[in-house]
Amino acid sequence: MASQRGQLLKRNYLFAFLILFAGFGGLLGYDLYFKPYVLSQTVVKIKAADGGFIPKNYQLQQSDLYLDSVQTKDIPSGVITEFSQVKDKITNVNLMDGSILTSSLVDVSDLEPQADEGIFPIPKEAIYAINGSLRSRDKVDIYLVEGDKADRPGSGSGNAGGGFPPSGTTKPSPDSGQKDSGFTTAARRVFLSGVTVNYVRSEDNNDVLDSENGNTNNRVTSTGKVAAPELKLKKSDGELLGQYLEQGLKLWIVRVE
C-alpha cells in the first residue's frame, strides 16, 4: 500500500515538473520566437539627434533611419518597411525621434514640388476630357486639342483631325506671322507624359476619393465629380501650358497609372 502511494506521489511530481517545464518553455518560446517573429514586423523608424525631431520638408538620408521590430497590433497603415522606400524623400511633417514612418508622413510619391517645379491648377473650362476615376497620386498624359474642334460634337476621338496636328507639322518661326500652335517638329500627340496628379478637386473644392474612408474600393465609387486636377509640373512646362491655354487649346487628361 505504502509503495503504491509512493509511486503515485512520484508520478504526480513528475507530471507537475513536466507541466512547469512546458509552461516555462512556452513562455520562453513566446517571448523569444513567437512574439518577435510571428506577431511582429520590421519597420523603419526615425533617428533624430539628441532625441529631437526632423523638420518638415527635410530630405531623409539613411543615417536618419533605422530598422526596428514592432508588434503587429501597433503598426499603422501604410507603414514603411525598407530604407529604399524613403531614402532621399521629403518629409511631410515634423518627425519625432523613434517615429514609425508611413507613406502619409513622407512624400514617397514625390508629390512635393522641387525648386524648379510647381503645383499647377487646371481650370475646369480648359479641360476637353478627364477620367472620372482620377485620384491623387495618379499619373496622366496630357493631349492638346484645338479649342474650336474640341467644341464640335464627336471631336476628340483620338484619330487624325480630332484636334491633333498632321504628321510633320512644324513650329512657325517668330517672324512668320503665323499663330504658334505649340507643336514641335516631332508632332507628338502627347504634350506631356507621366505627369503626377497632386490633387483631384470636386466642384466644391474637396479632394475626390473612393469613399469617406479613403481610396478603398478600386475607384468603384467616388465622393464627388472630378472637376479640376492640380498637377505637378516643371515651371517651364507650366508656363508653356499657360500659353497654349491662352491660345484656346484644351486639355485631354488621360490616366495612365
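1. Surface patch. In this predicted model, a nonpolar patch on the surface is formed by Leu-14, Phe-15, Phe-17, Leu-18 and Phe-21. Together these residues have about 560 Å² of accessible area. Leu-14 belongs to helix H1, which covers residues 2–38. With a relative accessible area of 46%, Leu-14 is partly exposed; the class of partly exposed residues ends at 50%, over which a residue is termed exposed.

2. Largest nonpolar core. This core holds 20 residues, and Val-140, Ile-142 and Leu-231 touch the most other members. At least two residues each come from strand E7 (139–145), strand E8 (190–201), strand E9 (228–234), helix H3 (235–246) and strand E10 (250–255). The most is given by E8, which supplies five residues.

3. Surroundings of Leu-231. When residues up to four places away in sequence are not counted, Leu-231 touches Gly-118, Ile-119, Phe-120, Ile-122, Val-140, Ile-142, Val-195, Thr-196, Val-197 and Asn-198. Val-140 and Ile-142, named above with Leu-231 for touching the most other core members, are thus also among its contacts.

4. Second core. A separate core of 11 residues is also present; among its members are Ile-54, Val-86, Leu-101 and Val-106.

5. Salt bridges: Asp-210 and Arg-135. The whole structure contains eight salt bridges. In one of them, Asp-210 pairs with Arg-135, and the closest N and O atoms are 2.8 Å apart. Asp-210 is in the loop between E8 and E9, while Arg-135 is in the loop between strand E6 (127–130) and E7. The pair links distant parts of the chain, 75 residues apart. Both Asp-210 and Arg-135 are buried.

6. Salt bridges: Asp-138 and Arg-219. Here the closest N and O atoms are 2.7 Å apart. Asp-138 lies in the loop between E6 and E7 and Arg-219 in the loop between E8 and E9, so this salt bridge ties together parts that are 81 residues apart in sequence. Asp-138 counts as buried because its relative accessibility is 5%, and the cut-off for buried is under 20%. Arg-219, at 26% relative accessibility, counts as partly exposed.

7. Salt bridges: Glu-230 and Arg-201. The closest N and O atoms of this salt bridge are 3.5 Å apart. Glu-230 is in strand E9 and Arg-201 in strand E8, so that distant parts of the chain, 29 residues apart, are linked. Glu-230 and Arg-201 are both buried.

Technical notes: Residues are numbered from 1 along each chain as its sequence is written. This is a predicted model: local features need pLDDT of at least 70, side-chain atom pairs count only at pLDDT 80 or more; totals for chains, interfaces and linings use all residues. Side-chain values use heavy atoms; hydrogens and water are left out. Patches are made of residues with over 30% relative accessible area and no salt bridge: like charges are joined within 9 Å, nonpolar side chains (Val, Leu, Ile, Met, Phe, Trp, Tyr) within 5 Å. Accessible areas come from the Shrake-Rupley method with a 1.4 Å probe; for residues, only the protein chains shown count as cover. A salt bridge is a side-chain nitrogen of Lys or Arg within 4 Å of a carboxyl oxygen of Asp or Glu. Helices (H or I, at least four residues) and strands (E, at least two) are DSSP runs, numbered from the N terminus. Buried means under 20% relative accessible area, exposed over 50%, partly exposed in between (1.4 Å probe, protein chains only). A nonpolar core is a set of buried Ala, Val, Leu, Ile, Met, Phe, Trp, Tyr and Cys residues joined through side-chain atoms within 4.5 Å. Contact means heavy atoms within 4.5 Å.
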